[in-house]
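Please open the model in the viewer and follow the selections below in order. Each stop names what to select and then describes what is found there.

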Amino acid sequence: MIIQLEKRGFDDFDTEIYHICKLFFDSVEWYQETDEREPDARIRLEVSHSDHPRQVLAMVQYIPASGEVWSSREVRRLSGLTEEEIRRETKRAIGAALVTAMEQATGLHQPWGILTGVRPTKLLHQMLQDHSLEECKRILREEYRVTEPKLALLADIVQRQLKVIPDLYNLNREVSLYIGIPFCPTKCAYCTFPAYDIRGHNGSVDGFLEGLDYEIRRVGDWIRRSGLGVTTVYWGGGTPTSIEADQIDRLFAAMHDAIPGMDRVRELTVEAGRPDTITPEKIQVLKRWKVDRISINPQSFTQSTLDTIGRHHTVKETIETYKLCRELGMNNINMDLIIGLPNEGVRELTHSLEETEKLRPESLTIHTLSFKRASRMTQNREQYEVAGRDEVQRMVELAQQWTAAHRYYPYYMYRQKNMLGNQENVGYSLEGFESLYNIIMMEERQTIIGLGCGAVSKVVGSDGTIERFPNPKEPSAYNRAYEQYTEKKLALLDENIMKVN
């Protein structure tokens, strides 16, 4: 979709305008005067300010190639606002007017209104600092155009998070740790996480583990020196259980030796993920180190789907591995399902939910497929047939109905760019089995220190600002430079801890 953008009265917000257009069209390009191609549509945006009363007016015209004109206008009061608040109100006015005009033109209704960010629950948490829940819902409804079903979902999640972590807003005397293990048996077609085929990187594994041991010990020294506690520890990747049982055991030994207060950590999770990486020996290691929670992720219970996306394990393996973990005493298991995988619709999702019901995991994360830019699926999109917007909507509603009927409650949520149907990913759990790390990570209320390949540290400042510090994604790059990255990260943490504490 080639769109000619014409703006008057302002000169920024191009990124926000682009992402709103992407809600309506799979592909969006701005028309350039040098283009030989004709635009498929034009968007005229005009912003004007007045002093009596002090307000901003945003006017939009959306004109497709047919020549029809779809218009909308949005007024926002500006009295008593700071310059930054005026900028935010102007951006919202433009967004609301644009969404309204394009909804009228296309017939597509956006359930999240003008919200295009990853963390709508974080926005609601911020608003609750100054407003009642009902006032927050009014603002989201009227100013952000969020629909009632999504408002209800947001409110349910935020209230449950505050019940599960009552001190969510006061976690700055502790940190959480993320351990990134970058290896997998194979890389799935939709994946862009740091995940390297362990069969081709065996030579890198020992070097990586040496670097991770160094990071664990240096970060442990820093935590001890800073007098901080550790709230949660999460092993992700990749697939942590891709490495051998004795290697997992040595890493846990290093953590307990180096990290102070491991016996007081509220939650310890290992994202086992791929059923084809789990063995009795590895589960025994996890049990010995008192791992609270693991994930076994089928993604789908349709074998042809697993073959298409490159999972390289069978549905039977998923079920057998799950039962093995139960027999070995794992009593907090998460499973992931993805809505909208290639060739899947309501029938296939119904089947996956029926199989999930037989297993009854403690928590269930239901993702909606996102076409991530660097994934194999996105780069070869014509090879994959996926459900349309209406069927995706039916599948999301089916998942919501199923989880409610089986007493799984939504407790965290995030969104991604290019999601089918402009939907969301939601974590559900039985009462008392919510993942604390998932809540803390998504709401960005606490510093999370990332250790390992591809791990990203998020350092939360005293004013709520967040500074990201990524480790190298590729194992060989990590192996060459882990000492340098660790010391830079510790310097950043030192600077932050002095400001916060």
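Begin by selecting helix α3 together with its surroundings: in this predicted model, the buried residues of α3 pack against α4 (133–142), α5 (148–164), β14 (409–414), α14 (436–443) and β18 (466–470). Next, colour α3 itself, residues 120–128, by burial. Seven of its nine residues are buried, so the helix is largely enclosed by the rest of the structure. These buried residues are Pro-120, Thr-121, Lys-122, Leu-123, Leu-124, His-125 and Met-127.

Keep Leu-123 selected and display the second largest pocket, which holds about 1300 Å³ of space. Its lining comprises 34 residues, of which Arg-88, Arg-92, Leu-123, Gln-126 and Tyr-144 are the closest to the centre. Which helix supplies the largest share of this lining? Select α2: eight lining residues come from this helix. Helices α1, α2, α3 and α4 each contribute at least two residues to the lining. Coloured by character, the lining divides into 14 nonpolar, six polar and 14 charged residues.

From α2 (residues 83–106), move to the strands that this helix lies across, namely β3, β4 and β5; α2 runs at about 155° to β5. Helix α1 (residues 14–24) lies across β1 (2–8), β2 and β3, at about 140° to β1.

Now select the five strands themselves. They form an open sheet of mixed pairing in the order β2-β1-β3-β4-β5. Strands β2 (29–30) and β5 (70–77) stand at the edges with a single partner strand each, so one side of each has no neighbour in the sheet. Finally, select β3 (residues 41–51) and β4 (residues 54–64), which run antiparallel and are joined by 11 bridges. Arg-44, for example, has Gln-61 in β4 as its bridge partner.

Note on methods
Residues are numbered from 1 along each chain as its sequence is written. This is a predicted model: local features need pLDDT of at least 70, side-chain atom pairs count only at pLDDT 80 or more; totals for chains, interfaces and linings use all residues. Side-chain values use heavy atoms; hydrogens and water are left out. Two strands pair if DSSP finds at least two bridges between them. Helices (H or I, at least four residues) and strands (E, at least two) are DSSP runs, numbered from the N terminus. Contact means heavy atoms within 4.5 Å. Axes are lines fitted to C-alpha atoms, for helices over the stretch in contact, and angles run from 0 to 180 degrees between N-to-C directions. Buried means under 20% relative accessible area, exposed over 50%, partly exposed in between (1.4 Å probe, protein chains only). On a 1 Å grid over the protein atoms alone, a cavity is a set of points where a 1.4 Å probe fits but cannot get out, and a pocket is an open set with protein on both sides within 12 Å along at least five of seven lines; lining residues have an atom within 4 Å of a point. Grid points are joined across faces, edges and corners, and a volume is the space filled by probe spheres set on the points. Ala, Val, Leu, Ile, Met, Phe, Trp, Tyr, Cys and Pro count as nonpolar, Asp, Glu, Lys and Arg as charged, and the others, Gly among them, as polar.
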